[in-house]
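Here is my note on the structure you asked me to look through, written as numbered points. Please keep the view open beside the text and find each element as it comes up.

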Amino acid sequence: MRAAIWTPRLKPQTNGLQTQPGSTHRTCDHTRVIDLHAHSTCSDGRLTPTALVARAAEAGVTTFALTDHDTVDGLDEARTAADTHGMTFINGVEISVTWQRRTLHVVGLAFDSRNPSLANGLATLQQARRDRAARIAAKIEKLGVTDALPRAQAMAGDGQITRPHFARLLIEDGICRDNNQAFKKHLRPGRDAHAAIEWAALESAIGWLHAAGGIAVLAHPFGYGFSGAWRQRAIAAFAAAGGDALEICTGTTDRQQEVTAARDAAQHGLVGSVGSDFHAPEQFWLGLGRLRALPGDMNAVWHDARFKV
Ligand code: AMP
Ligand code: MN
Ligand code: MN
Ligand code: MN
């Protein structure tokens with residue numbers, strides 16, 4: 001099993017889950033509990049695909065997607081595990097995109113994981129990750145981390161090397177207190193250990209997913225630190241590029257954000273998706289499948305014909 005690499009970065013919040021009258025506590029579609037965004041050790045998650053699926057099953061999730069950053073490597077293992085739990089498994093991925101010199105995340109769902117267009121696209125991103133890893137490693141060595149690249153590689157194992165791996169090295173070598181500080185002081189754009197990277201174009205990411213018969217979801221619209229105007233622009237650009245859905249309910253959204261996102265989605269003809277973005281059990285305030293239902297009568301991505309469940 002690969003090493004744990006995630007530590008909490010967001011403040012605990014209840015999002016009204018305990019208090020809001022009428023809250024479902026779960027994204028239910030009558031009998032289903034749905035979670036379409038989570039990470040394993042194939043990227044920056046802490047649990048193996050098998051352990052993640054077991055935890056989701058324990059949490060009562062019935063329809064689940066594994067969405068690792070820029071890789072589909074965990075899907076076969078996760079699907080096998082899901083079968084043993086009688087859980088409906090949906091192929092997923094979270095593709096890194098560069099749009100207007102900013103990073104967006106496009107979650108892909110229900111695609112053919114062996115499609116060559118998608119595989120080639122992800123391969124270019126994986127190469128870009130490897131190149132960036134060497135550049136970040138050189139920068140954190142200047143900050144006092146020793147053997148940064150081999151240690152990051154060992155930590156990631158066969159999985160993608162992500163910035164949270166470097167955050168962990170900064171913590172291990174006593175340079176940072178926690179993940180949050182590592183990002184704030186060193187790994188964010190503009191900081192001394194940030195390395196620029198050109199991810200996929202928005203149209204490319206959506207194109208690969210569509211070529212593979214899948215659905216493109218703009219992930220966590222409130223997760224980019226954008227102003228309202230930039231959020232609107234990003235959603236409009238995503239819809240114009242052929243995107244299908246917007247992630248409405250996540251592990252860190254409040255109801256007001258969800259209602260706002262649902263309105264934005266309706267304006268651009270996007271349907272709604274839901275996903276915790278679970279990375280690790282240490283995210284104690286964020287549970288697999290512990291999501292509110294989509295607001296109002298919003299159309300759900302799982303009713304799309306391509307969802308095939
Ligand atoms: P990468 O795709 O390798 O650049 O890493 C992105 C991942 O780092 C995200 O998916 C989050 O899990 C994590 N992350 C991004 N920004 C922050 C932040 N400000 N603080 C803590 N973790 C972050
Ligand atoms: Mn992540
Ligand atoms: Mn993301
Ligand atoms: Mn994610």
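1. In this predicted model, strand β5, which covers residues 102-109, has 6 of its 8 residues buried, so the strand is largely enclosed by the rest of the structure. A residue is called buried here if 20 or more other C-beta atoms lie within 10 Å of its own, and that is the sense in which the word should be read throughout this note.

2. Which strands pair with β5? One of them is β4 (residues 88-99), which runs antiparallel to β5 and is joined to it by 8 bridges. Within this pairing, Gly-92 has Leu-109 of β5 as its bridge partner, while the partner of Val-93 in β5 is Gly-108. Strand β6, made of residues 215-218, also pairs with β5 in the antiparallel sense, here over 4 bridges, and in this pairing Val-107 stands opposite Val-217 of β6.

3. The connection between β4 and β5 deserves a look of its own, since the two strands form a hairpin with 2 residues between them. Gln-100 lies in that turn, and its phi is positive, at about 50°.

4. Strand β4 is likewise largely enclosed by the rest of the structure, because 10 of its 12 residues are buried. Besides its pairing with β5, β4 is joined by 4 bridges to strand β3 (residues 63-66), and these two strands run parallel. Within that pairing, Leu-66 stands opposite Asn-91 of β4. When you follow the side chains along these strands, it may help to remember that in a regular strand they alternate between the two faces of the sheet.

5. Turning to the helices, α5 (residues 163-172) and α6 (residues 179-187) pack at an angle of about 100°, and their axes are 9 Å apart. Angles from 65 to 115 degrees count as roughly perpendicular, which means that α5 is roughly perpendicular to α6. On the α5 side the contact is made by Arg-163, Pro-164, Phe-166, Ala-167, Leu-170 and Ile-171, and on the α6 side by Asn-179, Ala-182, Phe-183, His-186 and Leu-187. Sorted by type, the residues of this contact comprise 8 nonpolar, 2 polar and 1 charged.

Technical notes:
Residues numbered from 1 in each chain as written. Chains lettered and ligands numbered in written order. Predicted model: local features only at pLDDT ≥ 70, side-chain atom pairs only at ≥ 80, totals over all residues. Pairing = 2+ DSSP bridges. Axes fitted to C-alpha atoms, helices over the stretch in contact; angles between N-to-C directions. Parallel < 35°, antiparallel > 145°, perpendicular 65-115°, else oblique. Contact = placed C-beta atoms within 7 Å. Nonpolar A, V, L, I, M, F, W, Y, C, P; charged D, E, K, R; others polar.
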